[in-house]
Amino acid sequence: MDLDVFVSAHRAEWDRLDALLRRRRRLTGAETDELVALYQRTATHLSLIQSSAPDPQLTGRLSQLVARARSVVTGTRRASWRDVTRFLTRQFPAAVYRARHWWVPTALMSTAVAALLGWWIGTHPEVQSTIAAPSELRELTRPGGQYETYYSSNPAASFAAQVWTNNAWAAALCLILGVFLGLPVIWILFQNMLNLGVGFGLMSSAGRLDTFLGLVLPHGLLELTAVFVAAGTGLRLGWTLIDPGPRTRRVALAEEGRAAIGMAVGLALVLFVSGAIEGFVTPSGLPTWARITIGVAAELAFLAYVYVLGGRAVRAGDTGDVEAAERSATVPTAA
């Protein structure tokens, strides 16, 4: 595309659209029809320039022009309870369901890595000695030691809020940093599995693995699932850079990126639930079996939510992306 020729051919249309948008009086019927037609043509021009001859200054001007025209044509849209309901019952579970081929293997491999690290640490005293001094390890693992008191070290509400913030931030990092070919996601995931493996190994070497599992499983099942979903989605986003499929790389990243942002909001809600369990159920005086039952029930409820509602939404054509009317205008591209 010869950009100068293209601009010369269409500048009058863009200027006319800008003039119509600046009108202070009500537009006539003919002027309204003209504005809609110019808006559609300008959106097409913007898409062509972005895909064939990107120019930052021209793209910025046309983007603003299209955005202003869209707000006039479609009206200002405000979020409503309908949007919240649609997000919770369709968009979020559909996004998680679509990403299952990434996060389920991620969960299985990560759990295997954590178990292997726990076994290695628990069966090799020389490895334990590199973690801390023997007296410090005894303080960590003894009855009433730091592993047990950690969950009741602060008031339940503030502890739950702290846990939720930390986990939501970790999940958001997995989703955001996935665009860097997924490499930072692998590192974040390994750090989480290393921490889990260290606790598993040290408590098992002290003969207190049952206590450790009784403390971790109530909240850990749902919490780790949320982390695995975020990590798997981040890895899929990184793979989109390498293989966007039949879509252009820009369109593919935009679609998957929007779904990932929505997933970050949904996972924050999931992690809020796991944080509440960790703050109020894990350190409670309930029997171990009761605490684990609550954790298993929360995990099964989330999986049912994803596979039932998410599967149904995907089969109905939902991808987890925003509605078509809210997406940027694009034109077909050659395969």
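This briefing walks through the overall form, the recorded spans, the ring contacts and a few single residues of one protein chain. The model is predicted. The protein chain has 13 helices and 0 strands. Its 335 residues give a radius of gyration of 26 Å, where a compact globule would come near 20 Å.

**Overall form**

- Along the principal axes, the C-alpha trace spans about 80 × 40 × 35 Å.
- Read from start to end, the pattern is α-α-α-α-α-α-α-α-α-α-α-α-α.
- Of the 335 residues, 39% count as buried.
- The protein chain exposes about 18000 Å². Carbon and sulfur atoms supply 64% of that area.
- Take the contacts between residues at least 6 apart in sequence: 77% of them join residues at least 24 apart.

**Spans from the UniProt record**

- An unreviewed UniProt entry lists "transmembrane region" for residues 102-121, 168-190, 211-239, 259-277 and 289-308.
- In the model, residues 102-121 are 100% helix and 0% strand. The C-alpha atoms at the ends of this span are 28 Å apart.
- Residues 168-190 are 78% helix and 0% strand. Here the end C-alpha atoms lie 17 Å apart.

**Aromatic rings**

- The structure holds 7 aromatic pairs.
- One of them joins phenylalanine 6 and tryptophan 14. Their ring centres are 6.4 Å apart, and the planes meet at 45 degrees, so the pair is tilted, falling between the stacked limit of 30 degrees and the edge-to-face limit of 60.
- Phenylalanine 6 and tryptophan 14 are both buried.
- Phenylalanine 87 and phenylalanine 92 also form a pair, with 6.0 Å between centres. An angle of 25 degrees between the planes makes this pair stacked, because stacked means under 30 degrees.
- Phenylalanine 87 has 16% relative accessibility, so it counts as buried, the cut-off being under 20%.
- Phenylalanine 92 is buried too, with a relative accessible area of 3%.
- Ring pairs link Phe87 and Phe92 with Phe302 and Tyr305 into a cluster.

**A charge over a ring**

- The charged end of arginine 100 sits over the ring of tyrosine 97. The distance to the ring centre is 3.9 Å.

**Aspartate 15**

- Aspartate 15 is in helix α1, which covers residues 3-22.
- Its relative accessible area is 37%, so aspartate 15 is partly exposed: the value lies between the 20% and 50% limits.
- Aspartate 15 and threonine 32 are 17 residues apart in sequence. In space, their C-alpha atoms are 16 Å apart.

**Arginine 291**

- Arginine 291 lies in helix α13, residues 288-315.
- Arginine 291 counts as buried because its relative accessibility, 8%, is under 20%.
- Leaving aside residues up to four places away in sequence, arginine 291 touches Gly214, Leu215, Pro218, Val281, Thr282, Ser284 and Leu286.
- Alanine 69 is 222 residues from arginine 291 along the chain. The C-alpha atoms of these two residues are separated by 56 Å.

Note on methods
Residues are numbered from 1 along each chain as its sequence is written. This is a predicted model: local features need pLDDT of at least 70, side-chain atom pairs count only at pLDDT 80 or more; totals for chains, interfaces and linings use all residues. Side-chain values use heavy atoms; hydrogens and water are left out. UniProt positions are given in the numbering used here, feature names are shortened, and annotations may be inferred rather than shown by experiment. Helices (H or I, at least four residues) and strands (E, at least two) are DSSP runs, numbered from the N terminus. Rings of Phe, Tyr and Trp (its six-membered ring) pair if their centres lie within 6.5 Å; planes under 30 degrees apart count as stacked, over 60 as edge-to-face and the rest as tilted. Buried means under 20% relative accessible area, exposed over 50%, partly exposed in between (1.4 Å probe, protein chains only). A charge sits over a ring if NZ of Lys or CZ of Arg is within 6 Å of the ring centre and within 35 degrees of the ring normal. The radius of gyration is taken over C-alpha atoms; the globule rule is 2.2 Å times the number of residues to the power 0.38. Contact means heavy atoms within 4.5 Å. Accessible areas come from the Shrake-Rupley method with a 1.4 Å probe; for residues, only the protein chains shown count as cover.
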